[in-house]
Amino acid sequence: MAIAARARLSALALLAGGALAAGCGGTAGGGAADSPTAAKSSSTLAGARAITVVARQRPSARLEEWTLRTPALREPTRVRVLLPVGYGSDRRRRYPVLYLLHGADSDYRAWTRDGDAEAITARTPMIVVMPDGGAMGWYTDWYQGDRPVQPRWETYHVGELVPWVDATYRTIAARRGRAIAGLSMGGYGALSYAARHPGTFAAAASFSGALEIGSSDAWGERSANESRWRAHLPISIATRLRSLALVELRTGDGRPGPLDRRGTRPGCDACALERFLHRSNVRLHARLQARGIRHVWDDYGPGTHDWPYWRRDLRETLPDLVRALARA
């Protein structure tokens, strides 16, 4: 990878996971898992069986944290799940699911620690699943040559975690009941997963998405593996988003904006990174527009690569996702 590209990737690793934001975790408590109330499909059960539960905690009334083991990953992995208010009161009701992805140099706690997801989703009738995707996992299976190797994040998230969630919670266990969204590296992951698995997700949203940055560690150098890179990058597979009920892109232009700290300098790191990623978001918007693919485009102008904007993005996107799944 060229030096300039490595520098941009290092900046992404520092900033995209919210390293500029402070936060703290919750305390843990126990609880019992839901029992499925309806028969599950054989494919759902097969994917769910790949996962072994290691531990379960309840940091708060709505928040559950699971430690899971999967053959797709070397080590146990964690996932947080936010349940809708009233989930335990009506055992017959089923809910749509939002898979909410974190950015680089971060983990499964980011959206509840720094993103205020618990408060933002308090009135949303939706289960929110926040998996770990690796600090620099890039929401993809990794390769040695042509051979898939661990970590296999895409295999785990789409092929195993989605079925496990459907087998564990009262979900609408179908495409029409699933949306995916994420910030920065997670914005890339949301659109890549939705495009590569249009039968799994009905809606997708990206916040300050790193839409044209891939991983040579995962896929090999681009010059020797162009087809693999093109098969994953949202800018290359944009037409496969056509079947979704909703595609949503939100981005700032890197200038200090109304949600930044007073006195933020125009040359700040979060300014430079958002400015760099803004260009790829504009290109994806133009490509979707040229191909007649309907989408929500929010180029909101001044705004940097930081949590105040992603919290606002989530608040503004949630109603759109709920409406889109209701129509799907």
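The exercises below, each with a worked solution, concern a predicted model of one protein chain.

**Exercise 1. The chain as a whole**

State how many helices and strands the protein chain has, and what share of its residues is buried.

Solution. Start with the secondary structure: the protein chain has 10 helices and 11 strands. Next, take burial. Of the 328 residues in the protein chain, 56% are buried. Last, look at the contacts with a separation of 6 or more: residues 24 or more positions apart account for 74% of them.

**Exercise 2. The sheet**

Give the strand order of the open sheet of 9 strands and name its edge strands.

Solution. Step one is the order, which reads β1-β2-β3-β5-β4-β8-β9-β10-β11, with mixed pairing. Step two is the edges: β1 (52-57) and β11 (296-299) each pair on one side only, so these are the edge strands. Step three is the twist. On average, neighbouring strands of this sheet are turned by 15 degrees against each other, direction ignored.

**Exercise 3. Helices on the sheet**

Find which strands helix α5 and helix α9 touch where they pack on the sheet.

Solution. Take helix α5 (residues 153-168) to begin with. Helix α5 touches β1, β2 (63-69), β3 (77-82), β4 (97-101), β5 (127-131) and β8. The direction of α5 makes about 125 degrees with that of β2. Then take helix α9 (residues 269-290), which touches β9, β10 (246-251) and β11. The direction of α9 makes about 150 degrees with that of β10.

**Exercise 4. Strands β8 and β9**

Determine the sense in which β8 and β9 pair, and describe how the residues of β9 point.

Solution. Strand β8 (residues 178-183) and strand β9 (residues 203-207) pair in the parallel sense over 5 bridges. To locate the pairing, use two positions: A179 stands opposite A203 in β9, and I180 stands opposite A204. Now consider the side chains. In a regular strand they alternate between the two faces of the sheet. In β9, A203, A205 and F207 point one way, while A204 and S206 point the other way. For burial, count the residues of β9: 5 of 5 are buried.

**Exercise 5. A hairpin**

Work out how β6 and β7 pair and what lies in the turn of their hairpin.

Solution. Strand β6 (residues 141-144) and strand β7 (residues 147-152) pair in the antiparallel sense over 4 bridges. Y143 stands opposite P148 in β7, and the bridge partner of Q144 is R147. The hairpin has 2 residues between its strands. One residue in the turn, G145, has a positive phi of about 65 degrees.

**Exercise 6. Two helices compared with their expected spans**

Check the spans of α9 and helix α6 against 1.5 Å a residue, and list buried residues in each.

Solution. α9 has 22 residues and reaches 32 Å from its first C-alpha to its last, close to the expected 32 Å. Helix α6 (residues 185-196) has 12 residues and reaches 16 Å, close to the expected 16 Å.

Turn to burial. In α9 the buried residues include L273, L277, L284 and L288. Their placing can be read with the helix geometry in mind: an α-helix has 3.6 residues a turn, so residues three or four places apart point the same way. α6 is mostly covered, with 11 of its 12 residues buried. Among them are M185, Y188, L191 and Y193. Finally, α9 is followed by G292, whose phi is positive, near 70 degrees.

**Exercise 7. The disulfide**

Which cysteines form the disulfide, and what is its handedness?

Solution. The count comes to 1 disulfide. It joins C268 to C271, with an S to S distance of 2.2 Å. The torsion about this S-S bond is about 90 degrees, so the disulfide is right-handed. Both C268 and C271 are buried.

**Exercise 8. The surroundings of D320**

Is D320 buried or exposed, and which residues does it touch?

Solution. D320 lies in helix α10 (residues 307-327). Its relative accessible area is 17%; the cut-off for buried is under 20%, so D320 is buried. The side chains of D320 and R323 are joined by a polar contact of 2.5 Å. Not counting residues up to four places away in sequence, D320 touches L246, E248 and R250.

Key: Residues are numbered from 1 along each chain as its sequence is written. This is a predicted model: local features need pLDDT of at least 70, side-chain atom pairs count only at pLDDT 80 or more; totals for chains, interfaces and linings use all residues. Side-chain values use heavy atoms; hydrogens and water are left out. Two strands pair if DSSP finds at least two bridges between them. Axes are lines fitted to C-alpha atoms, for helices over the stretch in contact, and angles run from 0 to 180 degrees between N-to-C directions. Contact means heavy atoms within 4.5 Å. Buried means under 20% relative accessible area, exposed over 50%, partly exposed in between (1.4 Å probe, protein chains only). A polar contact is a pair of N or O atoms within 3.5 Å; within protein, one must be able to donate a hydrogen and the other to accept it, and residues adjacent in sequence count only if both atoms are side-chain atoms. The expected span of a helix is 1.5 Å times one less than its number of residues. A disulfide is a pair of cysteine sulfur atoms within 2.5 Å.
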